[in-house]
Each structure stands twice: as structure tokens, then as C-alpha cells.
Amino acid sequence: MPDFAIVLAVNAGVILALFVLAWAICVAMKDVTPVDSLWGLGMGVVAVSTFIQTGGDTQRGIVMTAIAVAWSLRLGGYMLWRWRDHGPDGRYVRMLDKAKAERGWGYGYAAFRLVFMLQMPLLWLVCLPVQLGQIPNEPATLGALGVAGEVLAIFGILYETLADWQLVQFKKNPENAGKVMDKGLWRYSRHPNYFGDACVWWGLWLIAAETNLGLFSIVGPIYLVYTLTRWSGMPTVEGRMRRRKPDYEDYARRTSAFIPWPPKPE
């Protein structure tokens, strides 16, 4: 079996073990909301697992793992804080209640079938750049493309961190209750945090793309952007915002959805 296939198989096993453990804990708590933090933290685990398996002695591996771990700790930590601060996510509560009422599924089975089982392979897929990009291959050091990817990924981490911080500060102010956040980075994009995510994983792909195998990991960032913009990211958030905040339609009309851009005149 080729070395890269062994690495991918081992990482699949690591993800499975991680998700089964998290599933058992969440079922005991009757709350699956922490799976959102696992999405971020799990990517860091996969990067470290690959780093260990491949020897971790190349500049490329060190840079990719450091970026992935920094990103995963930031996102995973933020999602854990939000869960502890806001409580269970209503989306998951409604989903599991519906599965019980309409299908008669128990909580544990519904949680695994509808939440955890789906996210496991998707995590493995999105993480392809930090897996294939670390396989021992020439060149071991970063070239111009890799440096550009490093800069883009670091920018993405800083950008989404600032966006999340601005949103938290906005929500803390009681005077902003019911209002739409349209200040700071949110003035130029309705989802600057998702844009930052995309920058991180496209940056990691650029680093990986300097290797023969890493070039083919492009499916990871492509799928991530699809998820953020067409599936569980923007569509979910925007649907909720349009229902709850009457001013959101006007905000959406003048503000770019994803890529930061000067707003249209009011």
C-alpha cells in the first residue's frame, strides 16, 4: 500500500475514534452542539496525526501543521465558548426532536445518524491539503507558491478572528438588540468569518500544491467553500436572519455576500 494511502487510512481511523468519543459524551449530555467545535478541533488533530506519521521534519510539514492547529484552536475554542454562553443550538434540538416524533428514533441513534456520521467523512475530505501536502515529497521547503499560501492562510485566521470579535462586541451591547451588524468587516461582507475560513484552506492548498500529491487535494477547499456558501453555512444563517430581523433584506441588498467589497449606496 502506498505511504499516502496508509496516512489517509490512519487519519480516517483517528477521526472515527474522535467522533465516536464525542458522540458518547454528547448523548450523555443530551446536547450535540459541541460537534461544531469538534469540526474545528478535529482538523488540528488530523494535521498533527499526519505530522507524526510523516516524521515532521520538513519545513512544509511544520508550516502546514502550525497553521492548521492555530486555526483549529481558534475556531474550536470560539465554538465551545459560544456553546457555553448561548446554550444548545436550536437547529440540532429541532432536528433531533423531529427524528424522534416522525421516525421514532432514539436520541443516540438520531444524533449519530443525522449529525456525527455525516460530518466524519466531510472532515476527512476538507483536511486533504494538510494530509497529502505533508507526504514526504520534493520539494521539502516552501517555494513562492507555498509562501503565498502561508501568507493567505495567516491573513484568513486574523481576518475571521477580527470578524468574530466584532460580532461578539456588537451583540454584547443591549442597544443593538434586533439590529443587523453592519459595522467593521461586516460592512463589506455579510459573512467575513466564512471568507476568512476560505482563505485559510485555500492558503493551505497552495502550500500543498507545490507537491505532486498535494496538488490533487484541491477538492478539500472547493468542498469547504461549497459548504459555506451553498449548503450549511450562508443559507442557514441568512434564512434565520431574514426571519428575525426586518432590516436584513436592506443590508443584504447593499452588502456583498461573501467576498469583501464596498457596499452599494443606500
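# Close-up views of an all-helix model

The 26 positive and 21 negative charges of the protein have mean positions that lie 8 Å apart. Please keep in mind throughout that this is a predicted model.

**View 1. The whole chain, with 11 helices and 0 strands.** Welcome to the overview. Starting at the N terminus, the elements run α-α-α-α-α-α-α-α-α-α-α. The radius of gyration is 20 Å, close to the 18 Å that the globule rule gives for 266 residues, so the protein is as compact as a globular protein of that length. Along the principal axes, the C-alpha atoms fill a box of roughly 55 × 50 × 25 Å.

**View 2. Inside and outside of the protein.** How much of the chain is buried? Of the 266 residues, 48% count as buried. The protein exposes about 13300 Å², and carbon and sulfur atoms supply 65% of that area. Among contacts between residues at least 6 apart in sequence, 78% join residues at least 24 apart.

**View 3. Stretches that carry the "transmembrane region" annotation in UniProt.** According to the unreviewed UniProt entry, this annotation covers residues 6-26, 38-56, 62-83, 104-124, 144-162 and 214-233. You may like to look at two of these stretches one after the other. Residues 38-56 are 84% helix and 0% strand, with 24 Å between the end C-alpha atoms. Residues 62-83 are 100% helix and 0% strand, and here the end C-alpha atoms are 31 Å apart.

**View 4. K30, a residue in the loop between α1 and α2.** Helix α1 spans residues 3-29 and helix α2 spans 35-53, and K30 sits in the loop that lies between them. Is K30 buried or exposed? Its relative accessibility is 54%, so K30 counts as exposed. The backbone deserves a look too: K30 has a positive phi of about 60 degrees, although it is not a glycine. As background, most residues other than glycine have a negative phi.

**View 5. L16, a residue of helix α1.** With a relative accessible area of 43%, L16 is partly exposed. For a sense of scale, try finding L204 as well. L16 and L204 are 188 residues apart along the chain, and their C-alpha atoms are separated by 23 Å.

**View 6. D164, a buried residue in helix α7.** Why does D164 count as buried? Its relative accessibility is 5%, and buried means under 20%. Which residues does D164 touch once its neighbours within four places in sequence are left aside? They are R74, Y78 and N193. M181 is another useful landmark: M181 and D164 are 17 residues apart along the chain, and their C-alpha atoms are separated by 11 Å.

**View 7. L167, also placed in helix α7.** At 15% relative accessibility, L167 counts as buried. Setting aside neighbours within four places in sequence, L167 is in contact with M181 and W186. To relate this spot to another part of the chain, look for Y194. L167 and Y194 are 27 residues apart in sequence, with 13 Å between their C-alpha atoms.

**View 8. L185, a loop residue between α7 and α8.** Helix α7 covers residues 144-172 and helix α8 covers 192-208, and L185 has its place in the loop that links the two. Is this loop residue, L185, buried or exposed? L185 counts as buried, at 14% relative accessibility. Beyond its neighbours within four places in sequence, L185 is in contact with Y159, L162, A163, Q166 and P192. E160 makes a handy reference point here: E160 and L185 are 25 residues apart in sequence, and their C-alpha atoms are 9.3 Å apart in space.

**View 9. Views 6 to 8 brought together.** A last picture revisits the area around α7. D164 is found in helix α7, and L167 has its place there too. M181 is one of the contacts of L167, while the C-alpha atom of M181 is 11 Å from that of D164. On the loop side, L185 lies between α7 and α8, and its contacts include A163 and Q166.

Methods. Residues are numbered from 1 along each chain as its sequence is written. This is a predicted model: local features need pLDDT of at least 70, side-chain atom pairs count only at pLDDT 80 or more; totals for chains, interfaces and linings use all residues. Side-chain values use heavy atoms; hydrogens and water are left out. Helices (H or I, at least four residues) and strands (E, at least two) are DSSP runs, numbered from the N terminus. The radius of gyration is taken over C-alpha atoms; the globule rule is 2.2 Å times the number of residues to the power 0.38. Buried means under 20% relative accessible area, exposed over 50%, partly exposed in between (1.4 Å probe, protein chains only). Contact means heavy atoms within 4.5 Å. Accessible areas come from the Shrake-Rupley method with a 1.4 Å probe; for residues, only the protein chains shown count as cover. Lys and Arg count as positive and Asp and Glu as negative; His and the chain ends are not counted. The place of a charge is taken as NZ of Lys, CZ of Arg, CG of Asp or CD of Glu. UniProt positions are given in the numbering used here, feature names are shortened, and annotations may be inferred rather than shown by experiment.
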